[in-house]
Amino acid sequence: MEINLISDTITKPSKGMLNFMYDSNVGDDVFKQDPTVNELEKKISSLFGMDCALFFPSGTMANQSAINILTIPGDQLICSKYAHVYNYEGGGVSFNSGVSCKLINKPRGLFNHQDVIDAINPPDFYHSPNTSLVCIENTTNKGGGACWDLDEIKKIKKVCNKNNLKFHLDGARIWNACVEKGYEYSDFGKLFDTISVCLSKGLGCPVGSILICKEKYFQKALKIRKIFGGGMRQSGYLAACGIYALDNNIKGLSHDHRRAKEISNLLKESYFVEEVYPVETNIIIFKNKNQFSTQDFINFMDHNGVKLIGMGDNKLRLVTHADYTANHHEKFMNLLSKINAENLLM
Ligand SMILES: *Cc1c(COP(=O)(O)O)cnc(C)c1O
């Protein structure tokens, strides 16, 4: 049996999801005539208490569209040095929108409102790029699934208002953040100009992201999605997965979080581990002691049927998800215990 802890994106649609997909009504979404896409968009915009939502093929395209809508070429956005928009979207910020990033170097992909104030270029100093947008990620991916404190986000929002900055949330894993912290989706809807969310991570859909926005951005969102090649036809089959996931798969996230914490507790007691970063949700980032190279460790785990990835900087990552079952968890925990009991890495 293979245990895949590489990402929560590796999940395959369940029977229930596939059946729901099969039975859905579809139309041509480029003409906005797919009833299932329209239903999903309506469901998500009302969950977040925002005006509009638009279905996208990927989270990258949703983020890139938001950035394009909220900036003009030459602008600068503020984000964490761990941000997905900066690290993992192929340089799209500059390629698609002619925008640069001012990076905040704080642990776990989090920062505070003073960091934002410090990162804003003085608007009257014409030599520097015009700061026009702040992007945050909740939960943080490269930051190890960390959750933002809502009060800090509110403070950043105030800074944005005062300095005429737009505010985008990369909420690829907002579901995990809300389950863990007990926040409502609408708490976030009130604070941001645009929010992207992924259906294809913890919620177990094969494809799909949504850009949620204020009414005034909707036509621009539709246009830029078309320009990026993201207008799809009978995409209701994919949107159906999202509807099914929102109704059925949110509750499973607390199991993912519990299992991640159990794994992290065991790693903390392991002789080969130098440090485990705090685990709040479904992502575990840890560092092995120097003598246990990350590649050797990945290979050893692979031989034992467990897949994980390195994150650079000598760090390793494990992600729990819907297809990581109780059975997988027991096997994996047993393997970690056995490594410890029998010094298997020595
Ligand atoms: C996965 C992810 C995205 C979007 O990724 P796609 O693979 O393009 O769907 C965006 N932001 C974060 C934080 C992510 O983890």
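These legends describe close-up views of a predicted model.

**View 1. A salt bridge joins helix 12 to helix 8**. The side chains of K261 and E180 meet here, with N to O at 2.9 Å. K261 lies in helix 12, which spans residues 253–268, and E180 lies in helix 8, residues 174–181. The two residues are 81 apart, and the pair links distant parts of the chain. K261 is partly exposed, at a relative accessible area of 28%. E180 is also partly exposed, with 30% relative accessibility. This bridge belongs to a set of 13 found by searching the whole structure.

**View 2. R258 and E262 pair within helix 12**. Their closest N and O atoms are 3.5 Å apart, and the pair forms a salt bridge. The two residues are four apart in the helix, so about one helical turn separates them. R258 is partly exposed, with a relative accessibility of 37%. For E262 the figure is 30%, and E262 likewise counts as partly exposed.

**View 3. K307 forms a salt bridge with D302**. The closest N and O atoms are 2.7 Å apart. K307 has 26% relative accessibility and counts as partly exposed. D302 is partly exposed too, with a relative accessible area of 41%.

**View 4. Four charged residues share a salt-bridge network**. The members are D29, K32, E41 and R225. R225 appears again in View 5, among the helix 10 residues that touch helix 3.

**View 5. Helix 3 crosses helix 10**. Helix 3 covers residues 59–70, and helix 10 covers residues 215–227. Their axes come within 10 Å and cross at roughly 125°. An angle between 115 and 145 degrees counts as oblique, so helix 3 is oblique to helix 10. The crossing is right-handed. On the helix 3 side, M61, S65, N68, I69 and L70 make the contact. On the helix 10 side, Y217, K220, A221, I224 and R225 do so. By class, the contact of helix 3 with helix 10 holds six nonpolar, two polar and two charged residues.

**View 6. T131 is a buried residue of strand 5**. The strand runs over residues 131–137. T131 has 6% relative accessibility, under the 20% limit, and therefore counts as buried. Neighbours within four places in sequence are left aside in this contact list. The contacts of T131 are then Q76, I78, A119, I120, N121 and L165. G208 is 77 residues from T131 along the chain, and 30 Å separates their C-alpha atoms.

**View 7. T11 is a buried loop residue**. The loop lies between strand 1 (3–4) and helix 1 (15–22). T11 has a relative accessibility of 7%, again under 20%, so T11 counts as buried. With neighbours within four places in sequence left aside, T11 is in contact with K201, G204, H321, A322 and D323.

Methods:
Residues are numbered from 1 along each chain as its sequence is written. This is a predicted model: local features need pLDDT of at least 70, side-chain atom pairs count only at pLDDT 80 or more; totals for chains, interfaces and linings use all residues. Side-chain values use heavy atoms; hydrogens and water are left out. Buried means under 20% relative accessible area, exposed over 50%, partly exposed in between (1.4 Å probe, protein chains only). Axes are lines fitted to C-alpha atoms, for helices over the stretch in contact, and angles run from 0 to 180 degrees between N-to-C directions. Angles under 35 degrees count as roughly parallel, over 145 as roughly antiparallel, 65 to 115 as roughly perpendicular and the rest as oblique. A crossing is left-handed if the near helix is turned anticlockwise from the far one by less than a right angle, and right-handed if clockwise. Contact means heavy atoms within 4.5 Å.
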